[in-house]
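Trainee: Got a minute to go through this model with me? I'd like to ask about the fold as a whole, and then about some single residues.

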Amino acid sequence: MTLYGLMQERPLLIADLLRYAATYHGDRQVATRTVEGPMHSYGYAEAEQRSKKLVNVLNKLGVEDSDRVGTLAWSTYRHFELFYAASGMGAVLHTTNPRLFDEQIIYIINHAEDKVLFIDLTFIPIVERIAPKLTSVKFFVAMTDRAHMPDSSLDLLCYEDLLSDASADYEWPEFDERKASSLCYTSGTTGNPKGVLYSHRSTVIHAMAAARNGAFGISPYDALMPIAPMYHANAWSLPYVAPMCGAKLVLPGPGMDGESIQDIIEREGVTFTCAVPTIFTTLFQYLEKTGKRIDSLKRAMIGGSAVPRAMSDKLLDTYGVQVLQIWGMTELSPLGTLSTSTPRVDQLPEAERLDILSRQGRAQYGLEIKVVGPDGAEVPRDGQTSGDLWVRGPWVSRGYFREEREVVDADGWFNTGDVVAIDGYGYIKITDRSKDVIKSGGEWISSIDLENLAIAHPKVHMAAVVGVFHPKWEERPLMIVLPKEGVTVSEDEILSFMDGKVAKWWLPDAVVIVDEIPMTATGKYKKTEIRDIYRNHLVERLEKLA
């Protein structure tokens, strides 16, 4: 006979995170640079009271169990309230990336069947354009106060008016922890975006795994600022991690430029932040131009694409900021691997230790990973042999919203689409996306390694590498370079800088200097578009030389 433990079974629910923070860290601040301009601060206790009022507002607007509540919004305290009110009442929070094209936004909102749409002032013109095509939305709410309500063709409700008329008398309900809590769509660089439907259970377990020592290592003494927006994989879990740990939460609003980021870091004493590499490139430009500092910042989690070694070194050596590389994706909530150290790695010679920590990191407890070669067998853990990265765990998606087909194999493994090598210490190194890896004459070339090498050049702001057609080798690397502001750089300078640092046959066949590089809505290089633009570049170049 099986003997079961005599422990209570309590559901893991998102509202309990805010309830805990309100009870035990009630005066710990949530600080926001508002869309209207001024800073706004309040404690977790007030945040919970306003979130309860918001639940009663949603009830009055007809939001029922599992209905989707949509947002087109920056990272602000009002958006934070929606994170807890919508999920906490048993509805589903649906954050939409406002930087997508209109047609993608229309598709996403209609596919999700959002019942109410909450909109920051910045994005009201977008909704005015697309409103006639939004078939499910019953109410549009402007996330502002009466004094800042805009003239609009929309029949807008005012967020603060709704809350001022609402009661805070509400008890968070208890329900199955497997219930859907939030919905986030992938970028959709190919085909329609796909909806990743998180549960209360997956979200809370993910936050626990992220917060612990050995991962983000968050304590009540920290001030967390997700520069990664709340519409991008739930701001990488920081809106859940901060109240769970009683940490201060700093929300930057629409200020994504270097001056705004530096100002709010120093103003609010931010100790921990997260963003994609392009944000830090922008911040560096401002810091170098002004001589200003970010002295309160101790750790920066960087992900979305591989972090150039030069960026990690600069943050540590110049600004005293430790870089944690994160690899993940929307389907992973998003935490996959993290470049935290271990006693074994710390004992290595300094150069070897830094090389390992410059990789995308090792799996966190709760997530299993394997790297599989073309023959279906796991590749050696030698740090050199590449294969497809597969994952499984309690915060990994097994399917997409409103699609019947699951996306995992019979054993529950999810193919990430990333090509990696894994070393004997368990650290992975992303060599490419499977769709972006360059195959030249039957041999593989890593576009990421070439990009990171080019960005180390003192005149280079950004660099993207794609494979384009070559009549002899089938495909060869082409590099697109955006120089730093106020400087010029030549193709010969770039190639000379790279010479001797990689195999000669890896060197790009051409370097194109540009004024702008196409980017996706989540701050990654839009390589599909780059390939389309430069598809025949090498052929035309060879013809001119003939």
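What follows is our chat about the chain, its cores and a few residues.

Trainee: Before we dig in, how many helices and strands does the protein chain have?
Mentor: Keep in mind that this is a predicted model. The C-alpha trace spans about 75 × 70 × 50 Å along its principal axes. Counting secondary structure along the protein chain gives 18 helices and 25 strands.

Trainee: And what is the radius of gyration of the protein chain?
Mentor: For 546 residues, the globule rule gives 24 Å. The chain comes out close to that, so it is as compact as a globular protein of that length. Its radius of gyration is 24 Å.

Trainee: What percentage of the residues in the protein chain is buried?
Mentor: Start from the outside: the chain exposes about 23400 Å², with carbon and sulfur atoms supplying 49% of that. For the inside, a residue has to be under 20% relative accessible area to be called buried. Of the 546 residues, the buried share is 59%.

Trainee: How far apart do the centres of the positive and negative side chains lie?
Mentor: There are 57 positive and 73 negative side chains in the protein chain. Take the centre of each set, and the separation is 2 Å.

Trainee: Which helix gives the largest share of the largest nonpolar core?
Mentor: Nonpolar side chains tend to be buried together in soluble globular proteins. Here the largest nonpolar core has 149 residues, and F80, F118, I119, F140 and F216 touch the most other members. The largest share of this core is seven residues, and they come from helix 3 (residues 77-88).

Trainee: There's a separate core too, right? How many residues are in that second core?
Mentor: Yes, and its members include I455, A464, A510 and V512. This second core is separate, with 33 residues.

Trainee: Let's zoom in on I530. Is it buried or exposed?
Mentor: I530 is found in helix 17 (residues 527-533). Beyond its neighbours within four places in sequence, it is in contact with A464, V466, I480, I517, P518 and Y525. Its relative accessible area is 1%, and the cut-off is 20%, so I530 is buried.

Trainee: What about S358: buried or exposed?
Mentor: S358 has its place in the loop between helix 14 (350-357) and strand 16 (362-363). Leaving aside neighbours within four places in sequence, its contacts are R309 and Q325. The relative accessible area is 19%, and buried means under 20%, so S358 is buried.

Trainee: Now the backbone. Which peptide bond is cis, with omega near 10 degrees?
Mentor: Most peptide bonds are trans. The place to look is the loop between strand 14 (322-328) and strand 15 (335-338), where P334 sits. The cis bond runs from S333 to P334.

Trainee: What is the phi of S66?
Mentor: Most residues other than glycine have a negative phi. S66 is found in the loop between helix 2 (44-60) and strand 3 (68-72), and is partly exposed at 27% relative accessible area. Although S66 is not a glycine, its phi is positive, at about 70 degrees.

Trainee: Last one: what is the phi of W236?
Mentor: W236 lies in helix 8 (residues 233-236). It counts as buried, at 5% relative accessibility. W236 is a residue other than glycine with a positive phi, near 60 degrees.

Technical notes. Residues are numbered from 1 along each chain as its sequence is written. This is a predicted model: local features need pLDDT of at least 70, side-chain atom pairs count only at pLDDT 80 or more; totals for chains, interfaces and linings use all residues. Side-chain values use heavy atoms; hydrogens and water are left out. Helices (H or I, at least four residues) and strands (E, at least two) are DSSP runs, numbered from the N terminus. Buried means under 20% relative accessible area, exposed over 50%, partly exposed in between (1.4 Å probe, protein chains only). Contact means heavy atoms within 4.5 Å. The radius of gyration is taken over C-alpha atoms; the globule rule is 2.2 Å times the number of residues to the power 0.38. Accessible areas come from the Shrake-Rupley method with a 1.4 Å probe; for residues, only the protein chains shown count as cover. Lys and Arg count as positive and Asp and Glu as negative; His and the chain ends are not counted. The place of a charge is taken as NZ of Lys, CZ of Arg, CG of Asp or CD of Glu. A nonpolar core is a set of buried Ala, Val, Leu, Ile, Met, Phe, Trp, Tyr and Cys residues joined through side-chain atoms within 4.5 Å.
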